[in-house]
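Let's take a walk through a protein chain, starting with the whole thing and then zooming in on a few spots. Have a look at the picture first.

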Amino acid sequence: MSGVVRLSIIDPNEATRNELKNMLIGVDMVWLEAECSRYEFFSDVVSQTQPDLALISLDADPELALNLIAQVTRDLPSCSVVVVSSSQEGSLILKAMRNGAKEFLGYPLVLEDFLSALNRIQIISGQSDGEHSTPRTSQVITVAGVSGGVGCTSLAINLACCLAHNERNSVAVIDLDLALGDTDVWLDIIPDYTIQDVAENISRLDYSLLKRSLTKHSCGAFLLPRPVQMDMSMQITTEVLKRIIALLRATFSHLVIDVSKSYNSLDLAAMELSDSVLLAAQLDLPCLRNVVRLSQYFDTNENISEKIKVVMNRLGLEDTQISISKALETIGRDIFCQIPNDYATMVESRNNGVPLIVQAPKAKLTRTIMGLAASVGGETLTSEEETASKKKKSLFGFLNQSK
């Protein structure tokens, strides 16, 4: 058990249950999977939801609660039981631990005590289960642009679809351009729900409701699009966005975020929570100037600066007079990936609402984005993809030398 922990709570006392729930729901590493008000029903809840952690309050009926600890431990050994009680009587603690509880915490629950207990459980679980017990961590990739029209949305969508092409991955896309985002157009889908709907129901989301709020494309990627109306009835705050990202990160192996060009508080929050930030640009003076300007700005934020990876899009445009070597000299930093220009293929893909991995899987443009997906998504290329990657090595990866 590592990363985001799925938690179920049982406490017949509504007041204390809500207090526990409200405290834990704000912890990014915890997903409140289910809550229950009856001891006799909790074993069924656990068997259906199979959480990583069961938080059991003893105070309403210690005898029933102690029997429940033993039942949960027996029926679902992978679920660790944490007990909460206002009583610190030694015999009660001993009975709870003998019945299978991993931790016994006092009530009122102190958040630091809960997090410390959670850390101990994770360490013990890792030591007992070995290295294979640690699941693959989720990767959050934000695609940002130094200017309008540099191909951010096309890059974000096709990056996500390339990642989703691997059946081991589960991929979601967030369109964070709340005013003019068009990720739904690129995938030719009409979504039933948007990021606004998810934000408005953030307090009652569970795994199944979250999945139903997303629209799945045939390639396997899920989309959470921008609101339908320009004048949103509910303003999405950074705290709400952080919770959405935390929930999606718990559900998907990869999360791709297409931000706006305004670099507002939501965009910056998404970038801070990301593992990689792809900064898309082109070989023209306005773009190069903005790369420098944005780099200086991001250098003041340690949560973003080390994640920036410059992606030079549409290499080979006929009207460009700036070489890669000149661009490197101007921006003063490495170029992580060079994506070739293939206007005809990209426009056909967009107009058909079909991603490149389906529309033109053998195109040089597609292979380059597949290589980029492998670089930032923690992917392992197939032998065929690896061969293509080696042939096109100069098109992606860090540049150690100028052309």
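What percentage of the residues of the chain count as buried? The answer is 53% of the 403 residues. Keep in mind that you're looking at a predicted model.

Next, the overall make-up. If you go from one end of the chain to the other, the secondary structure comes to 18 helices and 13 strands. Now think about which residues touch which. Take the contacts in the chain with a separation of 6 or more: 76% of them are accounted for by residues 24 or more positions apart. As for the outside, the accessible surface of the chain comes to about 19,000 Å², and carbon and sulfur atoms own 48% of that.

Let's go inside. In soluble globular proteins, nonpolar side chains tend to be buried together. Here, the largest nonpolar core has 90 residues. Inside this core, I174, L176 and I244 are the ones with the most contacts. Helix α6, which covers residues 152-164, gives the most to the core: ten residues. To get a feel for the place, pick I244. Leaving aside residues up to four places away in sequence, I244 touches I174, I195, V198, A199, I202 and L224. There's also a second core, separate from that one, with 23 residues; among them are Y39, L58, C79 and A96.

Now for some helix packing. Two packed helices are described by the angle between their axes and the distance between the axes. Try helix α10 (residues 238-251) and helix α11 (residues 265-272): their axes cross at roughly 35 degrees and come within 10 Å. This crossing is right-handed. On the α10 side, the contact is made by T238, L241, K242 and I245, while α11 brings S265, L266, A269 and A270. Sort the residues of this contact by class and you get five nonpolar, two polar and one charged.

A second pair to find is helix α12 (residues 285-298) with helix α14 (residues 324-331). These two pack at an angle of about 30 degrees, and their axes are 9 Å apart. Here too, α12 passes α14 in a right-handed crossing. The touching residues are L288, V291 and V292 from α12, plus A327, T330 and I331 from α14. Which classes do they fall into? Five are nonpolar, one is polar and none is charged.

How values were computed
Residues are numbered from 1 along each chain as its sequence is written. This is a predicted model: local features need pLDDT of at least 70, side-chain atom pairs count only at pLDDT 80 or more; totals for chains, interfaces and linings use all residues. Side-chain values use heavy atoms; hydrogens and water are left out. Axes are lines fitted to C-alpha atoms, for helices over the stretch in contact, and angles run from 0 to 180 degrees between N-to-C directions. Helices (H or I, at least four residues) and strands (E, at least two) are DSSP runs, numbered from the N terminus. A crossing is left-handed if the near helix is turned anticlockwise from the far one by less than a right angle, and right-handed if clockwise. Contact means heavy atoms within 4.5 Å. Ala, Val, Leu, Ile, Met, Phe, Trp, Tyr, Cys and Pro count as nonpolar, Asp, Glu, Lys and Arg as charged, and the others, Gly among them, as polar. Buried means under 20% relative accessible area, exposed over 50%, partly exposed in between (1.4 Å probe, protein chains only). Accessible areas come from the Shrake-Rupley method with a 1.4 Å probe; for residues, only the protein chains shown count as cover. A nonpolar core is a set of buried Ala, Val, Leu, Ile, Met, Phe, Trp, Tyr and Cys residues joined through side-chain atoms within 4.5 Å.
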